[in-house]
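Here's a quick tour of a pocket, a helix pair and a few annotated spans. Have a look at the model first, then read on.

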Amino acid sequence: MDEGYANLPTSHLLGSVPAVTQDDRKPGAPAAQGAGAAATSRLQEFPPAPGGNGGGYRPPGGSADGDIENQANWRGYFNVASYAPYFDVDTDVVVDRLFSSIYPMDGFYRKIDANPDMYGPLWITTTLIFMLAAFGNFATYLMQNKKDMDTWSFDVGYFNWAASVMYGYAILVPAVFFFLFQYFGSRPSLVRFWCMWGYSLFVFIPASVLLLIPVEFLRWVIIALAGGASSWFIALNLKECTQGADLMVLIASAALLQFALALFIKVFFFA
């Protein structure tokens with residue numbers, strides 16, 4: 001019986017289990033090396049795809065053909081999982097972007113090109129809301145005459161106004177300019193616009209602290225400097241993302257709107 005098994009071909013002994021050769025293992029190596037690059041590239045489109053084929057959001061088992069694909073893309077905008085990659089960011093990256101937003105010549109748009117985040121813009125906007133409401137009330141207290149101290153009271157309505165204006169501005173204004181840039185032939189990224197506009201509000205946080213100074217002339221100087229820096233930041237980065245397209249009217253409009261926001265902060269919260 002031993003001699004019979006010895007005379008059988010090797011393929012009969014292996015049965016249905018295929019032999020794995022060294023050549024069969026080679027195609028797996030490039031795929032593993034490209035996994036990290038694919039994950040980064042998916043952040044450049046919004047919403048990011050959970051799979052490795054890029055493009056818009058696609059649910060598990062969803063088809064990639066025709067109307068089903070378009071339906072899946074739109075569904076991704078309302079799925080919390082689509083936004084998760086934009087909150088996976090290190091603290092040192094956020095800090096570096098905060099400093100870059102104050103110094104507009106630092107190439108902010110290139111820094112967020114591959115991995116824009118929403119963590120920084122969310123907390124910047126939320127912090128600014130609370131600081132405007134709290135410091136705005138405190139500023140009115142400091143500017144009150146001593147005889148009017150008994151009639152002063154904390155205005156809770158500042159929170160409602162600050163939340164409505166700041167959240168609305170940080171969400172709607174970038175979206176409007178995104179569609180305008182697309183209409184005039186540019187190919188911007190909506191999530192990069194949200195990221196850029198969110199970080200542009202950071203300069204108003206230290207400005208709101210300085211606006212507590214009870215000297216009206218200094219307050220106007222402070223808000224003018226903050227509004228000018230924020231407007232310049234928006235203009236430079238929009239010019240960089242247009243890739244040579246002649247859209248100076250839109251860029252100037254965005255910068256003026258940013259400066260108008262600074263004036264609104266001064267007039268409404270620190271009058």
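Keep in mind that this is a predicted model. Let's start with the second largest pocket: its lining consists of Tyr83, Phe87, Met118, Pro121, Leu122, Thr125, Tyr167, Ala170, Ile171, Trp194 and Gly198. The space inside comes to about 290 Å³. Sorted by class, those lining residues are 9 nonpolar and 2 polar, with no charged ones. Helix H9 (119-143), helix H10 (157-183) and helix H11 (190-200) each contribute at least two residues to that lining.

Next, H10 and its contact with helix H14 (residues 248-269). Their axes come within 12 Å and cross at roughly 175 degrees, so H10 runs roughly antiparallel to H14. On the H10 side, the contact residues are Tyr158, Trp161, Ala162, Val165, Met166, Tyr169, Val173, Phe177, Leu180 and Phe181. H14 answers with Leu250, Ile251, Ser253, Ala254, Leu257, Gln258, Leu261, Phe264, Ile265, Phe268 and Phe269. Class-wise, this contact has 19 nonpolar and 2 polar residues, and again no charged ones.

How does the record fit in? The unreviewed UniProt entry places "transmembrane region" features at residues 118-138, 158-181, 193-211, 217-235 and 247-269. Here's how two of those spans look in the model:

| Span | Distance between end C-alpha atoms | Helix | Strand |
|---|---|---|---|
| residues 193-211 | 28 Å | 79% | 0% |
| residues 247-269 | 33 Å | 96% | 0% |

Notes. Residues are numbered from 1 along each chain as its sequence is written. This is a predicted model: local features need pLDDT of at least 70, side-chain atom pairs count only at pLDDT 80 or more; totals for chains, interfaces and linings use all residues. Side-chain values use heavy atoms; hydrogens and water are left out. UniProt positions are given in the numbering used here, feature names are shortened, and annotations may be inferred rather than shown by experiment. Helices (H or I, at least four residues) and strands (E, at least two) are DSSP runs, numbered from the N terminus. On a 1 Å grid over the protein atoms alone, a cavity is a set of points where a 1.4 Å probe fits but cannot get out, and a pocket is an open set with protein on both sides within 12 Å along at least five of seven lines; lining residues have an atom within 4 Å of a point. Grid points are joined across faces, edges and corners, and a volume is the space filled by probe spheres set on the points. Ala, Val, Leu, Ile, Met, Phe, Trp, Tyr, Cys and Pro count as nonpolar, Asp, Glu, Lys and Arg as charged, and the others, Gly among them, as polar. Axes are lines fitted to C-alpha atoms, for helices over the stretch in contact, and angles run from 0 to 180 degrees between N-to-C directions. Angles under 35 degrees count as roughly parallel, over 145 as roughly antiparallel, 65 to 115 as roughly perpendicular and the rest as oblique. Contact means heavy atoms within 4.5 Å.
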